[in-house]
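Biologist: Before we use any words such as buried or pocket, could we look at the model together and go through what earns each of them?

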Amino acid sequence: MTMTSKPESTQGATITKSDLTRMAVNPGALGMEYSWNYPKQMSIPFCMMLTPLLKKIYRDDPEGYAAALTRHLEFFNITMYFAPFVGGVVASMEERVAKGEMEPETISSVKAALMGPLSGIGDSLFLGTLRVIAAAVGIGLSLAGNPFGPIAFLAIYNIPCFLTRIIGAQKGYELGVSFLTAAQESGLMNKVIYAAGIVGIMVLGAMTVSMTSVSIPIEFGSGDSVQTIQSVLDGIMPGTLALVALVLYYAALAKKANPMLLIVITMIVGILGAFTGVLA
C-alpha cells in the first residue's frame, strides 16, 4: 500500500498541519494514561485524540463518524509519545475510508500492527534511555545544590517528548503506512531498539556508581600496612559494592518483590551497618 504526501497546501486536503498539531497536544493525546483500563487500555483517550479530526473528515456523514468512533474504541496500547504518530497515520487512512477507497477493517489491522514495534522503540528510547539520562542530570545537579536540577530533568525529558508528538503526528499523516512497512522490512526498528538499549545500560551503570554511597571501613593489618576492606575492593574494581547492590535489587525485582519493602530493608541495613561500623 502506497500513501502519498499530503502537505497543508494541497488542494482539497481535509486535514491541515494545524489540525495535526492540535491533535498531538489535545487532552486525549496528553491523557493517554489517565483513562487507561485493563479491557481496552488506551482506547478512550486515543478516540478522544482523534475526535476533532474525525468530525472534520465525516462532517457530512454522521453514520460514518459514528462508525469511526466505534472503530477507535477498540483495544489500543502504545508508548504514549508515539500515539499522535499513529493518529496521523489513521487520519490519512480515515480520509480514504470516507472516500470509499479503503475498507474500514484495514485501519484496525494497521493499528494492531503498529502497537508492538512502536512500543518497543518508545519504551527503550523514552522510558529506558531518555528518562534515565534526564534523571541522572537532574539528580546530579540537585545533589550539587543547584536549584535547576528539577528544571533540567523536566526540560531534557519533555522537550524531545513533545517534539516527537507534534512532528510524529505530521509525519504520520504525510507518510501513511509506507514508511513503517519499509522500516520493518529493512530491520531499522530492531536496530533502533538495540542501540537505545545499549545507551540505557551505559547510563544505568554510570548512575549506579556515581549515586550509590556505601563503603566498608573495617580495617585490617598493622602499622603502615593498615588497609580497609573498601580500599581492597576499590583496587580490584571501583564500585564493586554498588554493582552488588544493583544485582541484588534487580534479582529481587525480577522475583516481583515489593519496591516499598526493598526501600525499608535498605534503610534498616544502612542504619544497622552505620551503628555497628560495618558500613559507612
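Modeller: Let us begin with Gln-230, in a model that is predicted.

Biologist: Why is Gln-230 called buried?

Modeller: The relative accessibility of Gln-230 is 13%, and the word buried is used for anything under 20%, so Gln-230 counts as buried.

Biologist: Where does Gln-230 sit, and which residues does Gln-230 touch beyond those up to four places away in sequence?

Modeller: Gln-230 belongs to helix α10, which covers residues 229–236, and, leaving aside residues up to four places away in sequence, Gln-230 touches Val-214, Ser-215, Ile-216 and Leu-241. In the protein chain, which has 280 residues, buried residues make up 36%.

Biologist: How do you know what span to expect of helix α7, and what span does α7 have?

Modeller: The expected span is 1.5 Å times one less than the number of residues. Helix α7 runs over residues 149–175 and has 27 residues, for which 39 Å is expected, and the 38 Å from its first C-alpha to its last is close to that value.

Biologist: Where does α7 bend, and what follows just after α7?

Modeller: There is a bend of about 25° in α7 at Gly-168, and just after the helix Gly-176 takes a positive phi of about 60°.

Biologist: Which elements do the buried residues of α7 pack against?

Modeller: The buried residues of α7, among them Tyr-157, Cys-161, Arg-165 and Gly-168, pack against α1, α2, α5 and α6.

Biologist: How do you know where empty space is left?

Modeller: A probe the size of a water molecule is rolled over the atoms, and this shows where empty space is left. In this model the largest pocket has a volume of about 960 Å³, and of the 26 residues that line this pocket, the closest to its centre are Thr-212, Ala-245, Leu-246, Tyr-249 and Thr-266.

Biologist: Which elements give two or more residues to the lining of the largest pocket?

Modeller: Those elements are α9, α11 and α12, and the largest share, 10 residues, comes from α11.

Biologist: What makes a residue of this lining nonpolar, polar or charged, and how do the residues divide?

Modeller: Ala, Leu and Tyr are among the kinds that count as nonpolar, while Asp, Glu, Lys and Arg count as charged and Gly is one of the polar kinds. Set against that scheme, the lining of the largest pocket divides into 21 nonpolar residues, 5 polar and no charged.

Methods
Residues numbered from 1 in each chain as written. Predicted model: local features only at pLDDT ≥ 70, side-chain atom pairs only at ≥ 80, totals over all residues. Heavy atoms only, no water. 1 Å grid on protein atoms, 1.4 Å probe; cavity = no way out; pocket = protein on both sides within 12 Å on 5 of 7 lines; lining within 4 Å. Points joined across faces, edges and corners; volume = space filled by probe spheres on them. Bend = angle between axes of the 7 residues up to and from the residue. Buried < 20%, exposed > 50% of the residue type's maximum accessible area, 1.4 Å probe, protein only. Contact = heavy atoms within 4.5 Å.
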